[in-house]
Amino acid sequence: MSLFADQEKRISVLLPLPLSGVYDYACPPGMVLNEGDFVNVPLGPRERIGVVWSLTPENPDLPFSKLKPVLEKLDQPPLPEPSRKFVDWVAKYTLQPQGLILKMVMSVPGALKDPAPKVAYIKSTAPHDLKMTKARQRVLEFMDGMPPLGATDIAREAGVGTSVVKGLAEARTLKVVHVHDASPFAEPDFQKSGFALADQQQNAADDLVEKTESASFSVTLLDGVPGSGKTEVYFEAIAKALSLNKQSLVLLPEIALSSQWLSRFKKRFGVEPAVWHSDIGAAKRKQTWRAIIRGQVKVVVGARSALFLPYKDLGLIIVDEEHDASFKQEEGVIYNGRDMAVVRGQMGHCPVVLASATPSLETAINSWEGRYGNLHMPARHANVPLPIVETIDLRLDKPERQKWLSPGLVNAIKETVARGEQVMLYLNRRGYAPLTLCRSCGHRLQCPNCTSWLVEHRKKGKLQCHHCGYFTRPLKTCPNCESEDSFAACGPGVERLAEEVALTFPEMRYVVAASDTVTGPTQAAEMVRKIEDHEVDILIGTQMVAKGYHFPMLTLVGVVDADLGLSGGDLRASERTYQLLYQVAGRAGRGDKPGTVMLQTFMPDHPVMKALKSGLRDRFLQTEAEARKGAGMPPFGRLAALIVSGEDEVLVDDAANALGRNAPHGKGILALGPAPAPLSMIRGRHRRRLLLKTDKKMPIQAIVKDWLERTNVASNVRVQVDIDPYSFL
């Protein structure tokens with residue numbers, strides 16, 4: 001549908017701003033506009049780039065003379081219809097302005113303006129009076145039949161200086177032309193032979209290939225134990241999408257650190273995919289965004305934000321480690337990347353694959369009830385046995401004072417390394433110690449901006465808050481009682497565990513892998529190389545090494561504090577702990593040597609520990625499901641959280657109390673709060689929380705929207721809505 005401006009024509013434009021709804025503009029004479037076109041429009045005294053959202057005006061009764069005209073139609077492909085539908089859906093679901101969602105799509109404003117063309121040269125006819133030199137002769141011989149090239153490239157290939165090239169251009173022997181860079185993204189080779197698949201893998205791959213070929217919406221759980229070959233299976237679906245000239249999106253929870261995954265992709269398809277995450281530079285982001293909307297990028301692997309990129313023709317979405325909590329965006333527009341991936345697949349009529357060894361309860365139930373397909377791969381590739389899981393009762397097998405490794409685990413480490421094998425010690429705490437307190441008065445060092453303790457990072461010589469980034473140097477004097485040198489580190493972080501390893505096993509080589517020691521793809525790749533080349537005996541890591549990595553010589557995994565994460569009253573505490581520990585356990589024994597997992601715990605009889613030891617995953621999930629169903633909790637009920645925050649505590653309390661007074665009520669509705677958030681202050685903002693619980697079929701967004709509209713809140717107090725909350729901090 002097009003709009004020809006030979007009459008009075010109005011359009012509605014959505015701007016990437018936190019504003020509700022669209023704005024009407026006049027289409028100038030001679031300008032042809034379509035839905036999805038990027039346009040430059042006036043907004044007050046400034047100009048903004050937006051998207052033609054509809055050819056039907058929002059306010060048709062407004063006099064045409066009052067409308068400002070569109071200033072310019074940008075020479076860019078339009079925003080595809082599935083992307084526009086996705087913006088509308090996410091806005092309604094999250095109760096956020098459409099413009100704020102569009103801003104996530106238009107996250108690289110500079111990408112809408114093409115880079116300036118570059119100067120290049122092609123061979124022309126040499127004038128009769130041209131003074132020829134050996135250098136000039138080499139240039140002309142090289143340029144014979146060549147496409148336009150830059151001066152630097154020509155000079156390098158001909159073995160001359162750039163002044164020779166420019167001199168030939170001045171003599172008109174080389175003709176100056178202006179060219180745009182071609183797409184820097186090479187096409188993956190879908191015909192390249194892949195990994196030899198076993199029967200269970202081939203059956204799963206055939207199913208996904210068939211669904212990809214059908215070009216219709218479906219959701220499939222790819223449920224395979226660690227090492228079962230899930231990645232190789234969905235690579236076959238990517239190959240099919242490539243053969244159909246369709247784009248594929250793979251979401252990974254730790255994309256910036258997934259060097260092994262990228263290496264496997266390159267080995268399978270001959271080139272690396274386009275990568276999208278917060279660590280890539282501005283120039284690369286522009287390049288990638290432009291190539292995606294033009295269809296020049298065929299495979300994108302990225303973090304959750306990659307969902308909002310403007311795919312020209314998306315034919316497949318894969319969410320690897322679909323259960324991972326990092327797919328939940330907790331700030332700004334709050335959403336779950338896994339759930340939004342399903343919606344994006346529905347909008348674009350393409351299959352969605354959710355891959356996991358420990359599916360989330362929501363996904364498992366959708367699979368059990370037939371809403372999602374299920375491809376189960378219960379065995380590792382080549383029938384490598386799953387690791388044996390043992391629990392170490394810390395009440396009986398106690399570590400020495402101020403140490404964290406039990407005698408049983410210490411002996412197992414010695415025996416494993418003596419056999420020439422490798423060990424992973426897992427502790428999900430960064431830094432040296434999670435808490436620092438004064439021995440004299442008990443004062444705890446707390447962040448001045450947040451209600452959280454400062455974490456000691458001894459190697460960096462600082463105390464840091466992991467919520468706002470505040471840090472300070474270690475203190476010599478207690479600010480409370482003025483005692484000197486009285487501070488003590490309490491509890492272990494991975495740095496402190498590394499210190500114990502160095503003292504206990506002085507002859508062993510170790511490396512620490514945490515988000516503040518391995519900060520990007522280069523460091524991650526170097527860490528992987530060292531482990532693969534057996535330059536490391538012990539890998540000490542946080543959850544960043546819990547999934548995805550394949551180290552054939554790693555046969556022992558020791559979980560230092562298996563109980564971490566089970567306390568705190570979180571709805572999903574048991575489920576998350578089980579998933580994380582199961583993934584960690586899956587790093588052991590992935591080669592031709594058997595693996596062992598040792599869980600240090602004070603609660604060996606906890607259902608999570610029993611489930612891990614027995615290997616009865618589905619029984620654990622069914623028990624969790626029964627408990628949730630009995631309480632009416634997700635996925636059998638709905639939750640929405642309101643997070644009230646601001647710098648003025650009195651105004652925050654006033655707003656929270658007003659929301660509490662106006663809370664909805666009725667059959668199937670329960671409102672709780674307001675109450676101080678467990679982290680009652682973050683980055684200098686006081687925080688209060690309210691929670692709404694409803695029956696599953698109730699329109700929770702409509703209820704929350706009405707609740708907010710009935711409550712007056714000060715302009716400098718923020719109320720964030722979290723539909724289906726994961727975090728209760």
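**Close-up views of a predicted model**

Being 4 residues apart in helix α8, Phe 265 and Phe 269 are separated by about one helical turn. This is a predicted model.

**View A. Phe 265 and Phe 269 form a tilted aromatic pair in helix α8.** Their ring centres lie 4.7 Å apart, with the planes at 40°. Phe 265 is buried, at 0% relative accessible area. Phe 269 is buried too, at 1%. Arg 268 lies over the face of Phe 269, 4.6 Å from the ring centre.

**View B. Phe 235 and Trp 261 meet edge-to-face.** The model has 12 aromatic pairs. In this one, the centres are 5.7 Å apart and the planes make an angle of 75°. The pair links distant parts of the chain: Phe 235 belongs to helix α7 (residues 230–243) and Trp 261 to helix α8 (residues 259–269), 26 residues apart. Phe 235 is buried, with 2% relative accessibility. Trp 261 is buried at 7%. Both residues belong to one aromatic cluster with Tyr 234, Phe 265 and Phe 269.

**View C. Lys 462 sits over the ring of Phe 471.** The charged end of Lys 462 is 4.7 Å from the ring centre.

**View D. Helix α16 (residues 607–614) has four buried residues: Val 608, Met 609, Ala 611 and Leu 612.** They lie on the same side of α16, because they cover an arc of only 165° around the axis. The buried residues pack against β19 (388–393), α15 (573–585), β29 (596–601) and α17 (617–631). Gly 615 follows α16, with a positive phi near 80°.

Key: Residues are numbered from 1 along each chain as its sequence is written. This is a predicted model: local features need pLDDT of at least 70, side-chain atom pairs count only at pLDDT 80 or more; totals for chains, interfaces and linings use all residues. Side-chain values use heavy atoms; hydrogens and water are left out. Buried means under 20% relative accessible area, exposed over 50%, partly exposed in between (1.4 Å probe, protein chains only). Helices (H or I, at least four residues) and strands (E, at least two) are DSSP runs, numbered from the N terminus. The arc is that of the directions from the helix axis to the C-beta atoms. Contact means heavy atoms within 4.5 Å. Rings of Phe, Tyr and Trp (its six-membered ring) pair if their centres lie within 6.5 Å; planes under 30 degrees apart count as stacked, over 60 as edge-to-face and the rest as tilted. A charge sits over a ring if NZ of Lys or CZ of Arg is within 6 Å of the ring centre and within 35 degrees of the ring normal.
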